[in-house]
Every structure is written in C-alpha cells, then in structure tokens.
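Hi,

Here is the structure I said I would pass on. Have a look at it first, and then read my notes below.

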Amino acid sequence: MLCNIGYDEGNIGKISGKISTCLKGSDKATPKDLNYSSMAAQVSLGKSFTINFPRTVTNVGLANSIYKAKILENSKMFSIKVVPEALSFRSLNEKKSFSVTITGKGLPDGAIVSAS
C-alpha cells in the first residue's frame, strides 16, 4: 500500500527497518483492495456505481465451523450482496475467499453511508 501512495522502496525500508520491494502493479491498488475486515470506497455523486470487495479469511475458530453473512436491511440507495453467503471450514487455519458487492444508483450530495 505504501508503494501505491508514492513511497519508494528506500523510504519503506526506513519505516519498516527491512529491505522492501514494490511489486509490479502495486501502484494501481486502492485502499479498498487491502484484505482488511473494514471496507471503504469513494463514489461520484449522482452516478451509478458497483464496488467489489474481494476478501480472504483464515479460520481461527473451531474446526467444522460455518459462518453466514446476514444483511439485515438494504438501503433504498444501494444494495449489498455477499458471495458465497456462507463459508464452511473443516479445519483450523483453513483459508476461504468471499466477495462483497455494493451497487447503487447514485448518492445525493452530502450523503454518507455506513454499514457493518
């Protein structure tokens, strides 16, 4: 991410204390591409949008666990879809991927939207 916002490998090394390299294409990533549990994006006012947040998670809970996405209420301004809707883990430290897609018809000026 530091490569993305203009830090070169020398400056990253000064921050981290380690030799670092910027991967090819890392300058094209955005904060929404980070594999963090939080998701944020900026959209243009009044314009339709579709934002996809791919994520990979590791099971740190019990083996043979199932985690289900639950969308309690969709806004009139946007819709949320999680694919797959459930992740089934068979073992500890098993990795699975899912994607959250948010689609909207355009937000009005001054709109701030939040979900958890």
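**Around methionine 39**

If we skip residues up to four places away in sequence, methionine 39 touches Phe53, Arg55, Phe98 and Val100. Before going further, please keep in mind that this is a predicted model. You'll find methionine 39 in the loop between H1 and S1. Its relative accessibility is 33%, so methionine 39 counts as partly exposed. Valine 100 sits 61 residues away from methionine 39 along the chain, yet their C-alpha atoms are separated by 9.2 Å.

**Arginine 55 and its surroundings**

One of those contacts, arginine 55, is worth a stop of its own. Arginine 55 belongs to strand S1, which covers residues 49–58. Is this arginine 55 buried or exposed? Its relative accessible area is just 3%, and the cut-off for buried is under 20%, so arginine 55 is buried. The list of residues that arginine 55 touches, again without those up to four places away in sequence, is Lys32, Leu34, Asn35, Tyr36, Ser38, Met39, Lys96, Ser97 and Phe98. With serine 38 there is also a polar contact: the arginine 55 side chain reaches the backbone oxygen of serine 38 at 3.2 Å.

Lysine 96, which is on that contact list, has a charged partner elsewhere. Side chains of opposite charge can pair when their charged atoms come close. Here, lysine 96 and glutamate 94 form a salt bridge through their side chains, at 3.6 Å from N to O. The count for the model comes to 1 salt bridge. Lysine 96 has 27% relative accessibility and therefore counts as partly exposed.

**Strands S2 and S4**

Next, the pairing of two strands. S2 (residues 65–68) and S4 run antiparallel to each other, with 4 bridges between them. As an example, isoleucine 66 has serine 88 in S4 as its bridge partner. S4 itself spans residues 86–89, and its side chains alternate: Leu87 and Phe89 are buried and point to one face, whereas Ala86 and Ser88 point to the other and are not buried.

Serine 65 is part of S2. At 11% relative accessibility, serine 65 counts as buried. Beyond its neighbours within four places in sequence, serine 65 is in contact with Leu87, Ser88 and Phe89. Its side chain also reaches the backbone oxygen of leucine 62, at 2.4 Å.

**Backbone details in the loops**

Three spots in the loops caught my eye:

- Asparagine 64, in the loop between S1 and S2, has a positive phi, near 55°, though it is not a glycine. With 56% relative accessibility, asparagine 64 counts as exposed.
- Asparagine 93, in the loop between S4 and strand S5 (95–104), also has a positive phi, near 70°. Its relative accessibility is 52%, so asparagine 93 counts as exposed.
- Valine 83 and proline 84 are joined by a cis peptide bond, with omega about -10°. Proline 84 is in the loop between strand S3 (78–83) and S4.

**A nonpolar patch**

Last, which residues form a nonpolar patch on the surface? They are Leu2, Ile5, Tyr7 and Ile15, and together they have about 370 Å² of accessible area. Isoleucine 15 lies in helix H1, residues 9–16, and counts as exposed at 54% relative accessibility.

Cheers

How values were computed. Residues are numbered from 1 along each chain as its sequence is written. This is a predicted model: local features need pLDDT of at least 70, side-chain atom pairs count only at pLDDT 80 or more; totals for chains, interfaces and linings use all residues. Side-chain values use heavy atoms; hydrogens and water are left out. Patches are made of residues with over 30% relative accessible area and no salt bridge: like charges are joined within 9 Å, nonpolar side chains (Val, Leu, Ile, Met, Phe, Trp, Tyr) within 5 Å. Accessible areas come from the Shrake-Rupley method with a 1.4 Å probe; for residues, only the protein chains shown count as cover. A salt bridge is a side-chain nitrogen of Lys or Arg within 4 Å of a carboxyl oxygen of Asp or Glu. Buried means under 20% relative accessible area, exposed over 50%, partly exposed in between (1.4 Å probe, protein chains only). Two strands pair if DSSP finds at least two bridges between them. A polar contact is a pair of N or O atoms within 3.5 Å; within protein, one must be able to donate a hydrogen and the other to accept it, and residues adjacent in sequence count only if both atoms are side-chain atoms. Contact means heavy atoms within 4.5 Å.
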